Amino acid sequence: MALISRIRENSVLTIGILALALFAFIIGDYFSSGSLGSSGQENVGEINGVDVDYQQFVKLVDVQRQQQELSTGRSATEADLANIREQVWEQLVQDNAFQPEYEELGIDVTPDELREMVQGTKNLHPFIRQQFTDPNTGVFNEAQHREFINAAANKTLPAEQQYIWDSFKSNLIQIRKSEKYQNLVSVGDYITTAEAKKEYTTQNNKISAEYLYVPFYSVNDTTVKVTNSEIESYYSKHKSEYNGFDSRSFDYVVYQVLPSGEDSTALLQEINDLARGMAAAENPVAYASANSDVRSPSSYSAGELSAEVKAAVANTIVGGMVGPIKDGQNYSIYKYMGTETDTVSTLRASHILINTQGADETAKAVAKVKAQDILNQIKGGASFETLARINGSDGTAQQGGDLGYFSNDGRMIPAFENAVFGFRGAGLLPNLVETDFGYHIVKVTEPKSNIKYNLATITKILEPSEITLNDSYQEAESLRADISSAEDMKAKVAENENLVLLSAQRVAAGARSFNSVQDAREVVLWAYGNDVSVGDVADRVFIVGDTYLIAALTDATDKESPKASDFKTQIEAKVKNKLKAEKIIAKLGDVSDFGAAAKSYGAGALIETVEDINIATGMLNSAGIDAVAIGKAFGLKVNTTSKPFIGQNGVFVMKKTAETMAPELADYSKYKEDIKQRVGVYGSASAADQAVREAAEIVDRRAKMF
């Protein structure tokens, strides 16, 4: 049945929405005792006092994986597994952090309500309605919906789809509870008149001011030294401002495994043997297919062959051999089997587009004049490629306008295709080409051809042999075994001019790559291992792609036990600015006259004024947005001058010169609406969601384990 297939294939139901549902009935069993089991290993995390056991979490993920593979008909990828783990975790959060909230508030979904959501006419859930709505017409197909519901109710769906549907209905209950919770919180949100009045005054109360400003950067960093004890002291007083985070830093050495000279010689010998075999083969195409590392067609258009291959073929008789021809690490040989006439032609061209989309007639006329001027310049000897880079308005501009190879098969807009393929030979088209996109200046860089080349192709990839791989691995392993610590690795690498020590800084727990090293999850997991300490060298050589890697842990930060050194860079900057401010204030002394004070201070002191700024969006001149300075200015009386004080960007002496207080309003509803718009429709619901998660004291260690 087409409808049933649609439900199975639709990604929203089978992967997006159903992902959480597939566990609803399983997870409940694990929580009946108030925990997710106890395997003796470290827990994956903790949610509202409930331990999430590693082994049990893995089982839940495995069930989800099996169900997804069953419904999609393919094996789960690494990306799929990462999504599944996220979905399982979120379901655990919903069951343990949010479900108690729903129960306390009396939020529930009755059987009648569920029935109305999945098969009713008035309150059909949007998720259900979407599946039976034609995406082209937007019309809901009531007959298809009824047919599917009847099949599900009568248990005539295939077992796999029946299971998915039943699980979806279970999860829809949780979705509905969440919607009710969000709506309840949002409806209960109320913006008071006092809040609206404050919004009004911050937007409309205005002041003017004159101020003396000495930026922190005017004091040379070398004149201020920050000690570790000062960093520790600052952190102890401001711990609440810094949230701990997980990170690891490590030094590493990469052995790039490249083919040896022996490998190159062996490949050349193999290619020569294959060339003789293909030359004598009764079916060269079949022979090539059986012996090539890369699948290749047997017929090529002009645009599918490199200039080197086409030139070689042009000097070869039918039945002759061509190559080997190198392309990167690929070496190809060809047997030329003649040509045939293609049904379409292929050429290569470049263009310069002067865009007119959305322009009125006047703008189009201006664009045409510009395009004609560019065409005239090229006719006069100017570089097409240079003018394309300067004037082109599409993605080809940076490539000098190059469009590559294309055929007259309808993929190009008709006006453009007709003009280009109507041109003979290569060169600049004499006239502009107009399309719906604008005006094109076009140059054919390789003339059209309808010739197809019949070639049997064998491509072999030059790769390191097992011997080369083993030799490189042993070299890396010998170094690793000889290193006792991170400092020792640094010293030994410095002694070897063929090695380079690299550093990965503050790598997150969930990272799968660092710097330019991709697919390096194994290295990251090692760095986060419970038995790994700062200074340790990895207990193995990592195989990352076509490289071998040795690593040594140099630093670690932990979310659950933050320390001052984790935030050294940020704190050092703050302490340094404070010390600079003390120097500036001491040098300024008492300020009664801005001009005299600036002259006495010397370079770095600025005298500036601002007119009619408000507290909501006010900005100073050189200092930009400095909330401390602006707040201080608003707090002054008119024509009074502050003492020197520390702002966010430097030291200020502020004088308020004028103020305009906004008059009282009878109705502040507009400003209530401004607050609503700023917070968002579900701003309160989002805040409540975050509050529930924070109250649940969620500890998530997944990134250190998977």
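Helix 15 has five residues to look at early on: Ala-367, Ala-371, Ile-374, Leu-375 and Ile-378 are its buried residues. Buried means under 20% relative accessible area, exposed means over 50%, and partly exposed lies in between, with a 1.4 Å probe and protein chains only. These residues cover an arc of only 100 degrees around the axis, so they sit on the same side of helix 15. The arc is taken from the directions that run from the helix axis to the C-beta atoms.

This is a predicted model, in which local features need pLDDT of at least 70 and side-chain atom pairs count only at pLDDT 80 or more, while totals for chains, interfaces and linings use all residues. Residues are numbered from 1 along each chain as its sequence is written, and side-chain values use heavy atoms, with hydrogens and water left out.

Stay with helix 15. It covers residues 361-379, which is 19 residues. From first C-alpha to last it reaches 27 Å, close to the 27 Å expected at 1.5 Å a residue. That expected span is 1.5 Å times one less than the number of residues. Helices (H or I, at least four residues) and strands (E, at least two) are DSSP runs, numbered from the N terminus.

What do the buried residues of helix 15 pack against? Their partners are strand 7 (330-355), helix 16 (384-391), strand 9 (427-428) and strand 11 (438-461). On the other side of helix 15, Thr-362, Val-366 and Val-369 are exposed. Asp-360 caps the N-terminal end: one of its side-chain oxygens lies 3.3 Å from the backbone nitrogen of Thr-362. After the helix comes Gly-381, with a positive phi near 115 degrees.

Strand 7 also belongs to a hairpin. Strand 6 (residues 321-327) pairs with strand 7 in the antiparallel sense, over five bridges. Two strands pair if DSSP finds at least two bridges between them. Asp-327 has Asn-330 of strand 7 as its bridge partner. Two residues lie between the strands of this hairpin, and Gly-328 takes a positive phi near 70 degrees.

Now turn to strand 14, residues 547-557. Nine of its 11 residues are buried, so strand 14 is largely enclosed by the rest of the structure. Strand 4 (residues 247-256) runs antiparallel to strand 14, and 10 bridges join them. Val-253 has Ile-550 in strand 14 as its bridge partner. Strand 13 (residues 542-544) pairs with strand 14 too, antiparallel, over three bridges. There, Val-544 is partnered with Thr-547 of strand 14. Strands 13 and 14 form a hairpin with two residues between them, and Gly-545 in the turn has a positive phi of about 65 degrees.

Another sheet is open and has three strands. Its order is 2-1-18, with antiparallel pairing. Strand 2 (50-52) and strand 18 (699-700) are the edge strands, each pairing on one side only. Two bridges join strand 1 (residues 45-47) to strand 18. Glu-46 stands opposite Val-699 in strand 18.

Finally, step back to the chain. Its secondary structure comes to 25 helices and 18 strands. The radius of gyration is 35 Å, well over the 27 Å that the globule rule gives for 706 residues, so the chain is more spread out than a compact globule. That radius is taken over C-alpha atoms, and the globule rule is 2.2 Å times the number of residues to the power 0.38. Along its principal axes, the C-alpha trace spans about 95 × 80 × 75 Å. Buried residues make up 41% of the 706.

Key
Contact means heavy atoms within 4.5 Å. A polar contact is a pair of N or O atoms within 3.5 Å; within protein, one must be able to donate a hydrogen and the other to accept it, and residues adjacent in sequence count only if both atoms are side-chain atoms.
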